[in-house]
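Here's a quick briefing to read with the structure open beside you. Start with the charged pairs, then move on to the rings and the helices.

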Amino acid sequence: PNLRFSCLWAFDGNDSLKRMATQPEREAGDTRIFHESDYFLPRNFVDGFAGEVKSRSGNGKGPQIVGDVSDSESDEPDVAPTSEGDPTDGSLDDKGLEQCVKNWKSAAAEEKKKKAWGVFDETGIFASACRHGSIMWVADMVRSGELAKYPLSMVSMAAEILDPNTMCGYDIGCKFATTVANSSLGKKCKDAGHMFCVNAFHGYTHSYDCQVKHHPNVIDGIGLEDLETLERVFSSSNQLAPIVRHSSPYRRRQLIDAYFRQWDEDKYLNCGTFLLNNYKQALASLEEDARSLDVLKAKLSDAGIDPSDAALDTWVKEERDFFLTLGKEHPWDTFAVAYVELLQRLRQAEAERSLRTSHFYNSIPTSYEFASPTSHVSSYASETSSTARIEYRRRKAVEEYDRILSEVINMEIRMNISPSERWNPTTPQYVATLKYLEERKYQRALEKVQRLVIQRLFELHKLNLAQTGELTCSCVKLSSGYKLRTHLAKSLQTRCKAIRRAVAEYNAAAAKLPEPRPPLNWSQVSHYGFLEEFLLLQDTRNDIRDRPWGNVHAREAMKLRRRIKRAEEEIQRCNVEVRRLHTAIIDEAVLFHAVRAELKEAGNPLLIPVQEFTTRRERINEELLARIHQIHALPGFTGVKTPGVRIGMRPLPQEYVRSDDPSVLIDIGPINPSPPLLSLEDVDEDDDDETTEDVGGLMQYFSTFKV
């Protein structure tokens with residue numbers, strides 16, 4: 001089957017693998033440059049994207065470090081803002097993601113507070129990996145933090161090498177998506193269907209209106225993947241930190257390259273277990289969540305709410321649309337408010353103009369006579385100065401009135417209001433807008449509290465911290481790891497501070513209303529568990545308590561429905577990946593036999609190291625085939641049990657198929673080269689090109705060995 005995303009991958013930066021810069025008074029002993037890596041991207045290639053994004057007001061995540069601070073008495077390094085922007089600086093303004101960017105930059109600011117940062121040359125690495133954990137590309141972060149050029153270089157490689165329609169996870173993927181769209185890679189990525197989202201773990205610290213669009217849990221086709229691959233990679237690679245800290249640039253890269261090579265070999269060995277565990281997890285989720293969903297649907301039916309899958313999917317869309325517009329004024333409100341405010345200013349300016357004009361006219365004596373400047377000099381100068389001040393104030397009032405009148409006319413043209421229909425204090429629209437203006441500050445303060453409280457409630461719901469007696473039954477199960485709870489608790493603590501400030505603003509605005517509203521109690525708001533408890537919502541223009549998706553059982557049903565869909569997608573992806581792995585193992589066995597046969601016939605001394613390499617590889621493949629067999633034996637397995645055919649290759653020989661059941665793969669045991677496998681002579685000339693290329697590459701690889 002066709003998958004929505006051909007590849008799931010992720011990238012992120014890590015500052016643990018730093019290297020101390022060579023001191024000016026010392027000479028480097030090892031000046032070699034390590035070029036033998038398939039992981040590291042060349043610095044000149046990465047720097048080619050340095051001009052793509054400019055820093056916005058010095059808010060870049062990574063300041064460029066300059067100068068030598070080894071002799072500095074200050075605890076802080078000497079840094080200078082760089083013109084290069086971070087991954088969020090190249091995007092268009094998006095008010096809905098401001099909080100996400102703020103949190104991300106705040107986390108970066110914590111890193112920049114570390115002492116002695118400026119003594120490092122390479123300040124870390126920026127790496128990418130597929131969902132199975134295999135490393136794709138690595139770039140050195142040179143005297144900087146996480147600049148936009150590092151992820152952009154990875155995106156460029158992906159656009160050139162990977163198949164279309166990929167999904168990439170990144171801590172700030174929500175904002176980085178628009179950065180890519182505005183870069184030179186924008187059109188290529190859009191045409192190829194490359195997309196970006198936030199990681200599951202970090203995504204919970206983003207604003208809720210971001211989560212309903214960019215979190216993996218709500219994206220169709222992503223399965224149960226969390227895209228936190230790099231967190232696991234860095235958790236292991238940090239062991240290298242004390243080794244590479246004082247090494248030479250050559251040795252540092254060599255050690256990192258060797259480490260990731262071993263890492264990839266381990267991940268290949270573990271690939272079968274990875275797919276087996278994912279398949280089991282998806283099957284368990286389907287069974288448990290489907291049972292829980294049926295219970296909740298029955299409760300919704302008893303409450304008179306349609307619990308069908310179509311209704312649940314509709315509620316998800318309504319929830320997303322609601323949060324996208326929550327707290328935002330309608331365009332009519334904005335224009336009407338601006339128009340009425342201009343009319344109020346126009347009346348004030350008109351009154352001021354009349355006052356200053358009248359004052360000017362009244363300053364003219366009734367028995368005015370022209371006086372020569374040469375006569376009565378002192379009296380003339382005094383009167384001229386006084387008259388000039390009056391004239392200045394009059395002209396200023398006239399010009400202010402004319403300026404505001406021009407703005408009013410422009411606004412009336414935009415709102416299709418003719419001069420004869422200009423609003424006045426008796427016009428119904430004016431009265432309604434004026435009333436709205438009086439309560440606007442109160443409404444905005446109220447909706448700010450609403451938005452923050454709803455976000456907190458839904459985040460607590462993810463943690464299953466806000467429970468009622470009905471939701472503690474075994475049919476509704478939500479588990480969260482300790483680290484996830486700790487991570488979210490810190491985010492919610494910050495969110496609670498914002499709610500406390502919003503409550504104070506609300507109480508101040510409520511007290512100024514013509515009919516003052518009762519103040520809110522912070523301790524009461526902080527302990528709200530579900531939307532039904534937030535009675536304040538009925539006093540806003542966006543009351544969601546009566547909406548179906550605001551019901552506690554409906555929200556739990558929506559979550560389970562999403563999990564079931566993600567589990568179904570995970571099974572579909574595992575079916576594809578299991579068969580691809582199966583096919584690759586068989587094709588590799590055919591290739592190994594052909595290479596050994598050719599070397600043996602030619603009496604080539606490379607036969608011995610080739611046999612050692614292929615024997616080790618075949619033992620790993622035996623383990624993978626055993627895991628594939630376990631996946632095939634799962635009660636809920638829905639994939640194809642036979643290997644496929646690689647594009648450009650011939651179908652598998654019959655020796656690889658059991659004679660009693662041609663639809664089932666035979667060999668789960670050792671891959672023994674003794675059966676009559678394909679050799680180079682057995683391959684037709686039309687199918688020979690790709691096999692010959694593989695054989696040549698393998699022989700060239702072994703030719704570098706010392707025999």
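Which side chain meets aspartate 121 in a salt bridge? It's arginine 19, with N and O 2.9 Å apart. Keep in mind that this is a predicted model. That pair is one of 32 salt bridges in the structure, and the notes below pick out a few of them along with some ring pairs, buried residues and one helix.

**Salt bridges around arginine 19**

- Aspartate 121 sits in the loop between α2 (98-112) and β4 (122-130), while arginine 19 is in the loop between β1 and α1 (43-47), so their bridge ties together parts that are 102 residues apart in sequence.
- Both partners, aspartate 121 and arginine 19, are buried.
- Arginine 19 also forms a salt bridge with glutamate 122, and here the closest N and O atoms are 2.5 Å apart.
- This second bridge again links distant parts of the chain, since glutamate 122 belongs to strand β4 and lies 103 residues from arginine 19.
- Glutamate 122 is buried, just as arginine 19 is.
- Zoom out a little and you get a salt-bridge network made up of Arg19, Arg43, Asp121, Glu122 and Arg143.

**A bridge from helix α18**

- Lysine 565 and aspartate 220 meet through their side chains in a salt bridge, at 3.7 Å from N to O.
- The two ends are 345 residues apart: lysine 565 is in helix α18, and aspartate 220 is in the loop between α7 (208-214) and α8 (229-237).
- Lysine 565 has a relative accessible area of 21%, so it counts as partly exposed.
- Aspartate 220 is partly exposed too, at 37% relative accessibility.

**Arginine 573, a charge without a bridge**

- Arginine 573 is in helix α18, which covers residues 552-602.
- Arginine 573 is buried but has no salt bridge. The nearest side chain of opposite charge belongs to glutamate 577, 4.1 Å away, and a salt bridge needs the nitrogen and oxygen within 4 Å.
- Setting aside residues up to four places away in sequence, arginine 573 touches Leu3, Phe5, Ser6, Leu8, Arg131 and Gly221.

**Aromatic rings**

- The count of aromatic pairs comes to 17.
- Phenylalanine 11 and phenylalanine 176 make an edge-to-face pair, because their planes are at 90°, with the ring centres 5.8 Å apart.
- That pair spans 165 residues of sequence, from phenylalanine 11 in strand β1 (residues 7-14) to phenylalanine 176 in helix α4 (residues 173-181).
- Phenylalanine 11 is buried at 1% relative accessibility, and phenylalanine 176 is buried at 0%.
- Tyrosine 259 and phenylalanine 260 are edge-to-face as well, with planes at 70° and centres 6.0 Å apart. Both of these residues are buried.
- Ring pairs also join up into a cluster of Trp9, Phe11, Phe126, Trp137, Tyr150, Tyr170, Phe176 and Phe196.

**Charges over rings**

- Arginine 32 lies over the face of tyrosine 250, 3.9 Å from the ring centre.
- Arginine 617 does likewise with tyrosine 268, at 4.0 Å from the ring centre.

**Leucine 300**

- You'll find leucine 300 in helix α11 (residues 271-302), where leucine 300 is buried with a relative accessible area of 1%.
- In sequence, leucine 300 and alanine 557 are 257 residues apart, yet their C-alpha atoms are 9.1 Å apart in space.
- Not counting residues up to four places away in sequence, leucine 300 touches Ile305, Pro307, Trp315, Asn551, His553, Ala554 and Ala557.

**Helix α19**

- Helix α19 runs over residues 607-632, 26 residues in all, and reaches 35 Å from first C-alpha to last, close to the 38 Å expected at 1.5 Å a residue.
- The buried residues of α19 include Leu607, Val610, Glu618, Asn621, Leu624, Leu625, Ile628 and His632.
- As a reminder, an α-helix has 3.6 residues a turn, so residues three or four places apart point the same way.
- Threonine 614 is another residue of α19, and threonine 614 is buried at 0% relative accessible area.
- Beyond its neighbours within four places in sequence, threonine 614 is in contact with Phe592 and Arg596.

How values were computed:
Residues numbered from 1 in each chain as written. Predicted model: local features only at pLDDT ≥ 70, side-chain atom pairs only at ≥ 80, totals over all residues. Heavy atoms only, no water. Helix = DSSP H or I, 4+ residues; strand = E, 2+ residues; numbered from the N terminus. Expected span 1.5 Å × (residues − 1). Buried < 20%, exposed > 50% of the residue type's maximum accessible area, 1.4 Å probe, protein only. Lys, Arg positive; Asp, Glu negative; His and termini not counted. Contact = heavy atoms within 4.5 Å. Phe/Tyr/Trp six-rings, centres within 6.5 Å; stacked < 30°, edge-to-face > 60°. Lys NZ or Arg CZ within 6 Å of the ring centre and 35° of its normal.
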